[in-house]
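Me: Please walk me through this structure with questions and careful answers, as I am new to it.

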Amino acid sequence: MPLNPQELVRPEILAAKAYEVPEAEGMVKLDAMENPYSLPPEMRRELAEVLCGLELNRYPEPTGKKLRDALARRMQVPAGMELLLGNGSDDLIQIITFTLARPGAAMMYPVPTFVMYGANARLSGMKAVAVPLRDDFSLDAGAFVERMRAERPALVFIAYPNNPTGTLYPEEDVLAVLRAAEGVVVLDEAYHVFAQKSFMPRLTEFPNLVVLRTVSKLGLAGIRLGYLAGRPEWIREFNKARQAYNVNALTQAAAIYALEHLEVLEEQAARIRKERAALGAALAALPGVKVVPSEANFLLLRVPDADRADARLRRQGVLVKNLNGPSMPNCLRVTVGTPDENRILLTAFREALQ
Ligand SMILES: *Cc1c(COP(=O)(O)O)cnc(C)c1O
């Protein structure tokens, strides 16, 4: 029998594109919102000691009990709420979607936004309802709520702040969505250390709200850890859709160690916030460059010719994210790096705009 995937593979998977990451070896890597700072050497040694003591022949604790307790304390999760851990928040997005994907159910989100929401809707057979942001990437809360009344989505994703725009929607607009919701609303707070705004303390007010976080943008993208906070009634159901050992022993131990030294990562985030302001001002001063105000660790730029600028940046060894397309014409997204990296970016950018 000839091998023919076209006949066997589900059509939505045949139609999908795999997530691709460009080769970054030797580049100044400003495309993926990573924290540019590593842990201080003495912390790295201590962490190695901690990991050294693990029994890797044993399965990890399946729910990450110790880590959940540490997160609940350090991240001020309100009393009465529970946590679910994921292999990155991508894993949790998949778990939530999978759980709520009843036949005919809809997922709603403003666009442009994080691509994983729509990707998971399609893979799980949910109807994806993408509502465009205004031209300046602000949320038209009135229009969004009106659409919610028509579609009655089982699931709404709001990235707070939004990726790839960096925009933090006004609290009132998010509240309007929460009040109108008949389904689950996920506030994706991947960038909360940079925005310093959160709905975590307000979880108790809204029965349909869950707050999604990750340690990736905080400086631990390599360990893959996301966490979801919400009412026990929701967490209980989502927990059933989780793979039994989705957060490995190395990740659990490394995250517990990092939380004991959270102030180190928070100080790095503070440096990045300061650099964001300086880099934003310097980029905005370049001819033809518009910078969207950002509450995250990256900046969205509009340039005269994004494809050309991207190619010229690459040639100079600088990797940014080119978002040029119908919904984001001539837009580039650049991660805030170290002061040295940002200087290299600025110098390369001046050349790239020629
Ligand atoms: C980066 C990002 C994530 C993914 O986080 P991981 O924990 O690394 O999977 C989730 N949501 C948004 C909005 C992001 O920008």
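Reply: A nonpolar core is a set of buried Ala, Val, Leu, Ile, Met, Phe, Trp, Tyr and Cys residues joined through side-chain atoms within 4.5 Å. The model shown here is a predicted one.

Me: Which helix gives the largest share of the largest nonpolar core?

Reply: The largest nonpolar core has 91 residues, and Phe-144, Phe-199, Leu-283, Leu-313, Leu-345 and Phe-349 are those with the most contacts inside it. Its largest share, 6 residues, is given by a helix that covers residues 262-284, namely α13.

Me: From which domains does this core draw at least three residues each?

Reply: The protein is divided into two parts, of which domain 1 is made of 5-40 + 263-352 and domain 2 of 53-261. The core takes at least three residues from each of them, that is, from domain 1 and domain 2.

Me: Which residues does Leu-283 contact, leaving aside its neighbours within four places in sequence?

Reply: Leu-283 is among the residues with the most contacts inside the largest core. With those sequence neighbours set aside, its contacts are Val-289, Val-291, Leu-299, Leu-301, Val-334, Leu-346 and Phe-349.

Me: How many residues of domain 2 are in contact with domain 1?

Reply: The centres of domain 1 and domain 2, taken over C-alpha atoms, are separated by 23 Å. Across the two domains, 28 residues of domain 1 are in contact with residues of domain 2 numbering 28.

Me: Which element gives the largest share of the lining of the largest cavity?

Reply: A search of the whole structure finds 1 cavity of 30 Å³ or more, and about 40 Å³ of space lies in the largest cavity. Two or more lining residues come from each of α4 (65-74), α10 (216-220) and α12 (249-260). The largest share, 3 residues, belongs to α12.

Me: How many residues of this lining are nonpolar?

Reply: The lining of the largest cavity includes Leu-67, Val-215, Ala-255 and Leu-265. Divided by kind, the lining has no polar and no charged residues, while the nonpolar ones number 10.

Me: Why is Ala-249 classed as partly exposed?

Reply: Ala-249 lies in helix α12 and touches Leu-54, Leu-56 and Pro-60, not counting residues up to four places away in sequence. Buried means under 20% relative accessible area and exposed means over 50%, with partly exposed in between. Ala-249 is partly exposed because its relative accessible area falls between those limits, at 21%.

Note on methods:
Residues numbered from 1 in each chain as written. Predicted model: local features only at pLDDT ≥ 70, side-chain atom pairs only at ≥ 80, totals over all residues. Heavy atoms only, no water. 1 Å grid on protein atoms, 1.4 Å probe; cavity = no way out; pocket = protein on both sides within 12 Å on 5 of 7 lines; lining within 4 Å. Points joined across faces, edges and corners; volume = space filled by probe spheres on them. Helix = DSSP H or I, 4+ residues; strand = E, 2+ residues; numbered from the N terminus. Nonpolar A, V, L, I, M, F, W, Y, C, P; charged D, E, K, R; others polar. Buried < 20%, exposed > 50% of the residue type's maximum accessible area, 1.4 Å probe, protein only. Domains from an automatic or database assignment. Contact = heavy atoms within 4.5 Å.
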